[in-house]
Amino acid sequence: MSIHPLPPPKEPIGLGRVPVARWFLLFGALAGLTFAAGVATVMTMAARTAELNPRREVADQVDRLIVALIVVFVLLLVCAAGLALVVRYAVLKPIDQLTDQVRAVAAGDFDRDLHVDRPAELAELSSHIDSMRGRILSGWRTAQDQAEELRRSNGELEQFAYVASHDLQEPLRKVASFTQMLEQRYADRLDDRARQYIHFAVDGAKRMQALINDLLDFSRVGRVTGGRTPTESGAALDRALDNLSAAIEESGATITRDELPTVLGNQTQLTQLFQNLIENAVKFRSEEPPRVHIGVRRDGGMWEFRCSDNGIGVESKYADRIFLIFQRLHARDVYPGTGIGLALCRKIVEYHGGRLWLDGDATGPGGHGATFRWTLPAAGDT
């Protein structure tokens, strides 16, 4: 099996740029020169000693010394040759074999076994490396299986989205439409209890349609609306405010903001993010007219945004619960909605590589309310 190759290795620096074999050759050459110089020195000294015509006893001792030195030099030569053979066949050759095996694995042949027989240290090292290769390969195959399962699940989810947007909503529209027609046609024959039942049926159908639409929006995040590009967050906020213009005008809300930067994101999803947060701020308002402020500050490679309001606020003990899908803190007849808005916001932010949280220590305009903070990646050095 062949998979994507690994990145190229880092270039060695300093003395590490010279291969081990060349170091052995260098020091072997120096040792050979030293040996030759020693032999030449001994022979020269022997010749000069003979020219001095020493006494016989001294000459005999000198001859024995020369023989001993020659024997020592021969033994050193034999040891050096033996060491060179050991280094060549017991160290350098196994290192070359292991290097070739590792290079093949790095090139993408992850099924290649890593093994050398000698020396013991390299054999142990190759065993550890091969064991690591096996674990990585097993993990990769598991990840491949999971990715295939995820692709299959995504395909089923897309089919569900199609069914939900067409086949499921059509019966709901018929229920709501024919129930309303029933009320109009037989209005004079219906009492208050019957009208109430019809109202419940129509309201339930409409809420189911809204729930299906919200589920579709939640499932599409990062899958249907495209990739991330440098996006003007201020323009996304403008579109969100335009979509909420009726609700803002009706509630008398005041929206202020800092100068917003360019971020790396998806324009449609960022508009949806601002729209949901501001809509919540307007919906969960106090007795005062809503005041909402969108602020931002740079935090390293990220921009940290905040949405502060003067509404009813959120208790800190619910800081995590409010981001769960379909979780509501208030009755539906008090504050309408499906309870999916903040879960959708968090999913959008996480898709962009940021995080969204409730700042329990911060308050909005007027000293009360709620403050939500989230981060988005900066687009270059903007």
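Where in the chain is Asn310 found? In this structure, which is a predicted model, Asn310 belongs to the loop between strand β5, made of residues 302-309, and helix α8, made of residues 341-351. Although one might look for a loop residue on the outside, the accessible area has to be consulted in each case, and Asn310 has a relative accessible area of 2%. Because buried means under 20% relative accessible area, Asn310 is counted as buried. Its side chain also has a partner, since a polar atom of the side chain of Asn310 lies 2.8 Å from the backbone nitrogen of Arg291.

From this loop the reader can step back into strand β5 and look at the aromatic rings. A pair of aromatic rings is described by the distance of the centres and the angle of the planes. The structure holds three aromatic pairs, and one of them joins Phe274 to Phe305 in an edge-to-face arrangement, with 6.2 Å from centre to centre and 75° between the planes. This pair links distant parts of the chain, for Phe274 is in helix α7, which spans residues 267-283, while Phe305 is in strand β5, 31 residues apart from it. Phe274 has a relative accessibility of 0% and therefore counts as buried, and Phe305, at 0% relative accessibility, counts as buried too.

Phe305 has a further ring partner, Trp374, and here the arrangement is stacked, with the centres 5.5 Å apart and an angle of 5° between the planes. Why is one pair called edge-to-face and the other stacked? The names follow from the angles, because planes under 30 degrees apart count as stacked and planes over 60 degrees apart count as edge-to-face. The pair of Phe305 and Trp374 also links distant parts of the chain, with Phe305 in strand β5 and Trp374 in strand β7 (residues 371-377), 69 residues apart. Trp374 counts as buried, because its relative accessibility is 0%. Taken together, the ring pairs link Phe274, Phe305 and Trp374 into a cluster.

Aromatic rings can also be found beside charges in this model. The charged end of Arg298 sits over the ring of Trp303, at 5.0 Å from the centre of that ring. In the case of Arg355, the charged end sits over the ring of Trp357, and the distance to the ring centre is 3.9 Å.

The next topic is the pairing of charged side chains with one another. How many salt bridges does a search of the whole structure find? The search finds 10 salt bridges, including one in which the side chains of Arg297 and Glu304 meet at 3.2 Å, taken from N to O. The two partners are covered to differing degrees, for Arg297 is partly exposed, with a relative accessible area of 44%, whereas Glu304, at 8% relative accessibility, counts as buried. Another salt bridge joins Arg373 with Asp359, where the closest N and O atoms are 2.5 Å apart. This pair links distant parts of the chain, since Arg373 is in strand β7 and Asp359 is in the loop between β6 (356-358) and β7, 14 residues apart. Arg373 is buried, and Asp359 is buried as well. Arg297, Glu304, Asp359 and Arg373 are linked in a network of salt bridges.

A further salt bridge is found in helix α2, which runs over residues 56-106, where the side chains of Asp100 and Arg103 meet at 3.1 Å from N to O. Asp100 and Arg103 are three residues apart in this helix, and they are therefore separated by about one helical turn. Asp100 is partly exposed, with a relative accessible area of 44%, while Arg103 is exposed, with a relative accessible area of 52%. Beyond helix α2, in the loop between α2 and α3 (120-185), lies Arg118, which is partly exposed at a relative accessible area of 40%. The C-alpha atoms of Arg118 and Ile95 are separated by 9.3 Å, and the two residues are 23 residues apart along the chain.

The last stop is the surface, where Leu26, Phe27, Leu30 and Leu33 form a nonpolar patch with about 420 Å² of accessible area together. Leu33, one of these residues, has its place in helix α1, which covers residues 20-51. Leu33 has a relative accessible area of 61%, and so it is exposed.

Conventions
Residues are numbered from 1 along each chain as its sequence is written. This is a predicted model: local features need pLDDT of at least 70, side-chain atom pairs count only at pLDDT 80 or more; totals for chains, interfaces and linings use all residues. Side-chain values use heavy atoms; hydrogens and water are left out. Patches are made of residues with over 30% relative accessible area and no salt bridge: like charges are joined within 9 Å, nonpolar side chains (Val, Leu, Ile, Met, Phe, Trp, Tyr) within 5 Å. Accessible areas come from the Shrake-Rupley method with a 1.4 Å probe; for residues, only the protein chains shown count as cover. A salt bridge is a side-chain nitrogen of Lys or Arg within 4 Å of a carboxyl oxygen of Asp or Glu. Helices (H or I, at least four residues) and strands (E, at least two) are DSSP runs, numbered from the N terminus. Buried means under 20% relative accessible area, exposed over 50%, partly exposed in between (1.4 Å probe, protein chains only). A polar contact is a pair of N or O atoms within 3.5 Å; within protein, one must be able to donate a hydrogen and the other to accept it, and residues adjacent in sequence count only if both atoms are side-chain atoms. Rings of Phe, Tyr and Trp (its six-membered ring) pair if their centres lie within 6.5 Å; planes under 30 degrees apart count as stacked, over 60 as edge-to-face and the rest as tilted. A charge sits over a ring if NZ of Lys or CZ of Arg is within 6 Å of the ring centre and within 35 degrees of the ring normal.
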